[in-house]
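Here are a few exercises to work through with the model open beside you. Try each task yourself before reading its solution.

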Amino acid sequence: MNWENKVRKVVPYTPGEQPKIGGIIKLNTNENPYPPSPAAKAALEAFDTDEMRLYPAPDASELVDAIAETYGVKSSQVFVGVGSDDVISMAFMTFFNSGEPVLFPDITYSFYDVWADVYRIPYRQIPLTADFRINADDYIQPNGGIIFPNPNAPTGVLESVDTIEKIVKANPDSVVIIDEAYIDFGGTSVLPLTAKYENLLVVQTFSKSRNMAGMRIGFAIGSEKLIKYMNDVKFSVNSYTMNRVTIKCGAAAVRDREYLAQTSGKIIATRETAKKELAKRGFTFPDSMSNFIFAKPSKAPAKTVFEKLKERRIFVRYWDKPVIGDYLRITIGTDDEMNALYRALDEIFEEEGK
Ligand code: PMP
């Protein structure tokens, strides 16, 4: 019975909880509290179920073209996948293919080390500075590739275009992937740099600022060469990743830039208020430019606050790990949801006698 020796054993990524109960305030997986663009609804209503009989377009061209048009690039510079998780996973498989370690920060999206493990890619985690910043010079060393989110997760800290350009410029022999899952909440995208650097891949998602986590749409923009290499790998794994409904709804939604600006604007305003409200209650946090705040409570341990919020049906994200275990990652919800959070925190800290 030695078959188990031949199994690819991995420790999987743990996604945030998706509770099956209603009546909760869900601030744990960075979803958008607002509905998607009305254009998505219209596209869904116009969808003819007879089409379900047929395979979707393997190149998802309707969605790819809509993204290309929206971001002012050629369709041959756009790759789409089942959420940015699928896009990044494909990018790991395609680009991180040397014996040298891939570099990413030690506090970052906790899927990167999982993909590296599953694909047997060596990696090195680079410590952030004490105030959770990325030091560009740390990424100037031999490597098999580089990836980090900007803003970083779960810290919410945004790095400048100059910092990223310095890293890309210093690494012409590797692919540098910038995961811009949260860029629309006040950051400046490095997308324009893809015209200048053939080795820069920028990944974004419809799950956060585009209010469509449930539809699973992610995309990457880069040089035609990078995208061609990714598509070659994708078509060697699964040709039909994007279903017909997703393609139609995604294409309609991405064109609605005004709606994106409106809802992101609301979240940014709520986030700025949240910074004040959390600070008033003794939390400290790095300045966030995303749709969440990585906040350390001073009046009770993070784990206690997490559990007591959960008892009150308010879900935030907590990792029982060194360093980040002192923090809660709180997604920005609607103003009403955030007000309920502040009331619950006041109750909890009163119970804790602070
Ligand atoms: N990158 C980062 C930094 C994230 O936080 C997330 C959300 N878990 C993703 C990528 C993946 O998001 P999705 O697959 O929904 O596009």
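**Exercise 1. Locate the cis peptide bonds and the unusual phi angle.**

Task: In which loop does Pro-151 lie, and which residue is joined to Pro-151 by a cis peptide bond?

Solution, step by step:
- Pro-151 sits in the loop between β5 (145-149) and α5 (161-169); helices (H or I, at least four residues) and strands (E, at least two) are DSSP runs, numbered from the N terminus.
- The cis bond joins Asn-150 to Pro-151, with omega about -5°.
- Pro-154 is also found in the loop between β5 and α5, and a cis bond with omega about 5° links Ala-153 and Pro-154.
- Now look at the loop between α1 (38-45) and α2 (61-71), the place of Ala-60. Ala-60 is not a glycine, yet its phi is positive, about 45°.
- As background, most residues other than glycine have a negative phi, and most peptide bonds are trans.

A note on the numbers: this is a predicted model, in which local features need pLDDT of at least 70 and side-chain atom pairs count only at pLDDT 80 or more, while totals for chains, interfaces and linings use all residues. Residues are numbered from 1 along each chain as its sequence is written, and side-chain values use heavy atoms, with hydrogens and water left out.

**Exercise 2. Describe the domain interface.**

Task: How is the chain divided into domains, and what is the area buried between domain 1 and domain 2?

Solution, step by step:
- Domain 1 covers 12-35 + 258-353 and domain 2 covers 38-255; the bounds come from an automatic or database domain assignment.
- Taken over C-alpha atoms, the domain centres are 26 Å apart.
- For contact (heavy atoms within 4.5 Å), 28 residues of domain 1 meet 26 residues of domain 2.
- Buried area is the accessible area (1.4 Å probe) that two parts lose on being put together, summed over both. Here it is about 2100 Å², with 66% from carbon and sulfur atoms.
- Tyr-13, Leu-260 and Met-289 supply 31% of what domain 1 buries against domain 2, more than any other three residues.
- The rule for salt bridges (a side-chain nitrogen of Lys or Arg within 4 Å of a carboxyl oxygen of Asp or Glu) finds 0 across this interface.

**Exercise 3. Inspect the ligand site.**

Task: Which residues come nearest to the ligand, and how far is an oxygen atom of the ligand from the side chain of Ser-84?

Solution, step by step:
- There are 13 residues around the ligand (a heavy atom within 4 Å), and Ser-84, Asp-179, Tyr-182, Thr-205 and Ser-207 come nearest.
- An N or O atom in the Ser-84 side chain is 2.6 Å from a ligand oxygen.
- A polar backbone atom of Asp-85 is 3.0 Å from an oxygen atom of the ligand.
- For Arg-216, a polar side-chain atom lies 2.8 Å from a ligand oxygen.

Notes:
A polar contact is a pair of N or O atoms within 3.5 Å; within protein, one must be able to donate a hydrogen and the other to accept it, and residues adjacent in sequence count only if both atoms are side-chain atoms.
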